[in-house]
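Colleague: Could we go through the strand arrangement, the nonpolar core and the unusual residues of this model?

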Amino acid sequence: MGYRHLFIQNPASLAVRNGQLTVTQQDKTVTFPLEDLDAVMIEHRQVVLTVSALTELSQNRVIVYLCDEKHMPCCTVLPFQQHSRQLGMLNLQIRQTEPNKKRL
């Protein structure tokens, strides 16, 4: 269960190596164990993130938020297949009745 939330607000490159999320900004590199991460929020538009890294983050139940040019979250990458409760909630939301959807 993760407890760290990363906030990336400068240009960076994100990669996963040996079970660690590697964040490289200019000449500085910092690593974080994937099992310690709960969420990563990427605010800057010049962050490089590969599909391989996204897959590894999802397999370790890390939520990834992407922000738009106004610095507001516009996308969420959720690892819903890893826990039956999350998948169950997703299925409940999909099966909502039309009047309930309009009310919400």
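**Sheet, core and loops**

Modeller: An open sheet of four strands has the order β1-β5-β7-β8, with mixed pairing; strands are DSSP runs of E of at least two residues, numbered from the N terminus, and two strands pair if DSSP finds at least two bridges between them. This is a predicted model, in which local features need pLDDT of at least 70 and side-chain atom pairs count only at pLDDT 80 or more, while totals for chains, interfaces and linings use all residues. Residues are numbered from 1 along each chain as its sequence is written, and side-chain values use heavy atoms, with hydrogens and water left out.

Colleague: Which strands stand at the edges of the sheet?

Modeller: An edge strand here has a single partner strand, so one side of it is left without a neighbour in the sheet. That description applies to β1 and β8 (73-77).

Colleague: In β7, which residue is the bridge partner of Ile42?

Modeller: β5 and β7 (residues 63-67) run parallel and are joined by four bridges. In β7, Ile42 has as its bridge partner Leu66.

Colleague: Which strand supplies the largest share of the largest nonpolar core?

Modeller: Such a core is a set of buried Ala, Val, Leu, Ile, Met, Phe, Trp, Tyr and Cys residues joined through side-chain atoms within 4.5 Å, where buried means under 20% relative accessible area and exposed over 50% (1.4 Å probe, protein chains only). Of its 15 residues, Ile8, Leu21, Leu37 and Val40 touch the most other members. At least two residues each come from β1 (4-8), β2, β3 and β5 (37-42). The largest share, three residues, is supplied by β5.

Colleague: Which side chain of opposite charge is nearest to Asp68, and how far away is it?

Modeller: Asp68 lies in the loop between β7 and β8, and is buried yet has no salt bridge, that is, a side-chain nitrogen of Lys or Arg within 4 Å of a carboxyl oxygen of Asp or Glu. Lys and Arg count as positive and Asp and Glu as negative, whereas His and the chain ends are not counted. Not counting residues up to four places away in sequence, Asp68 touches Glu43, Arg45 and Cys74, contact being heavy atoms within 4.5 Å. The nearest side chain of opposite charge is that of Arg45, at 6.1 Å.

Colleague: Is Asn18 buried or exposed?

Modeller: Asn18 lies in the loop between β2 (12-17) and β3 (20-25). Its phi is near 55°, a positive value in a residue other than glycine. With a relative accessible area of 80%, Asn18 is exposed.
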